[in-house]
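Please look through the structure shown below with this guide beside you. The paragraphs take up charged pairs, helix packing, the nonpolar core and a few single residues in turn.

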Amino acid sequence: MGRYPLLTRKEARERLHVSESTLDRLVRSGAITRFRVSQRSTRIDPLSVDDYLARCRVPAAVPAARGQAA
């Protein structure tokens, strides 16, 4: 993990497009990894954010060809 800089909570929220409470819920559930860097400061593992986004990705729908039943 040393090659990837840790994200601030704000950066993680912006990357995920979620609210602060949603980020907290993802961290509590273990879906996103958090590191405590001091008593009052935490950082988010960017790889866990990317993994979460990949797991949640919805495949694009393939449109039916014209004249065929869906």
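**Salt bridges, helices and core**

A search of the whole structure finds 3 salt bridges, and since the model examined here is a predicted one, every distance and percentage below should be read as a value computed from that prediction.

Two of the charged pairs can be followed by starting from Arg9. The side chain of Arg9 meets that of Glu20 in a salt bridge, with a distance of 3.7 Å from N to O, and this pair links distant parts of the chain, for Arg9 belongs to helix H1 and Glu20 to helix H2, 11 residues apart. Arg9 also forms a salt bridge with Asp24, where the closest N and O atoms are 2.6 Å apart. Because Arg9 lies in helix H1 and Asp24 in helix H2, this pair ties together parts that are 15 residues apart in sequence.

How exposed are these charged residues to their surroundings? Arg9 has a relative accessibility of 21% and therefore counts as partly exposed, since the term buried is kept for values under 20%. Glu20, at 46%, counts as partly exposed as well, and Asp24 is also partly exposed, with a relative accessibility of 25%.

The remaining charged pair to visit involves helix H3. Here Arg15 forms a salt bridge with Asp50, the closest N and O atoms being 3.3 Å apart, and the pair links distant parts of the chain, with Arg15 in helix H1 and Asp50 in helix H3 (residues 46-56), 35 residues apart. Arg15 is partly exposed, with a relative accessible area of 36%, and Asp50 is partly exposed too, at 31%. Looking at shared partners, one finds that salt bridges join Arg9, Glu20 and Asp24 into one network.

With the charged pairs in mind, the packing of the helices can be considered. Two packed helices are described by the angle between their axes and the distance between the axes. In this model, the axes of helix H1 (residues 9-16) and helix H2 (residues 20-29) come within 10 Å and cross at roughly 95 degrees. Angles from 65 to 115 degrees count as roughly perpendicular, and H1 and H2 are therefore roughly perpendicular to each other.

Which residues make up this contact? From H1 come Arg9, Ala12, Arg13 and Leu16, and these meet Glu20, Leu23, Asp24 and Leu26 in H2. Sorted by character, the residues of the contact divide into 4 nonpolar, no polar and 4 charged. Leu23 offers a view of this contact from a single residue: leaving aside its neighbours within four places in sequence, Leu23 is in contact with Arg9, Ala12, Arg13, Leu16 and Val18.

The nonpolar side of the contact leads on to the core. In soluble globular proteins, nonpolar side chains tend to be buried together. The largest nonpolar core of this model has 10 residues, namely Leu7, Ala12, Leu16, Leu23, Leu26, Val27, Ala31, Ile32, Ile44 and Val49. The elements that give two or more residues to this core are H1 and H2, and the largest share, 3 residues, comes from H2.

Val27 is one of these core residues and lies in helix H2. With a relative accessible area of 17%, Val27 is buried. Not counting residues up to four places away in sequence, Val27 touches Ile32, Arg34 and Ile44. The C-alpha atoms of Val27 and Ile44 are separated by 8.9 Å, although the two residues stand 17 residues apart along the chain.

Two further residues complete the tour. Pro46 has its place in helix H3 and, at 7% relative accessibility, counts as buried. Leaving out residues up to four places away in sequence, Pro46 touches Tyr4, Pro5, Leu6, Leu7 and Arg15. From Pro46 to Pro5 the separation is 41 residues in sequence and 7.5 Å in space, taken from C-alpha to C-alpha.

His17, by contrast, is found in the loop between H1 and H2. Is His17 buried or exposed? His17 is exposed, with a relative accessible area of 72%. Most residues other than glycine have a negative phi, whereas phi of His17 is near 60 degrees, a positive value in a residue other than glycine.

Key: Residues are numbered from 1 along each chain as its sequence is written. This is a predicted model: local features need pLDDT of at least 70, side-chain atom pairs count only at pLDDT 80 or more; totals for chains, interfaces and linings use all residues. Side-chain values use heavy atoms; hydrogens and water are left out. Axes are lines fitted to C-alpha atoms, for helices over the stretch in contact, and angles run from 0 to 180 degrees between N-to-C directions. Helices (H or I, at least four residues) and strands (E, at least two) are DSSP runs, numbered from the N terminus. Angles under 35 degrees count as roughly parallel, over 145 as roughly antiparallel, 65 to 115 as roughly perpendicular and the rest as oblique. Contact means heavy atoms within 4.5 Å. Ala, Val, Leu, Ile, Met, Phe, Trp, Tyr, Cys and Pro count as nonpolar, Asp, Glu, Lys and Arg as charged, and the others, Gly among them, as polar. A salt bridge is a side-chain nitrogen of Lys or Arg within 4 Å of a carboxyl oxygen of Asp or Glu. Buried means under 20% relative accessible area, exposed over 50%, partly exposed in between (1.4 Å probe, protein chains only). A nonpolar core is a set of buried Ala, Val, Leu, Ile, Met, Phe, Trp, Tyr and Cys residues joined through side-chain atoms within 4.5 Å.
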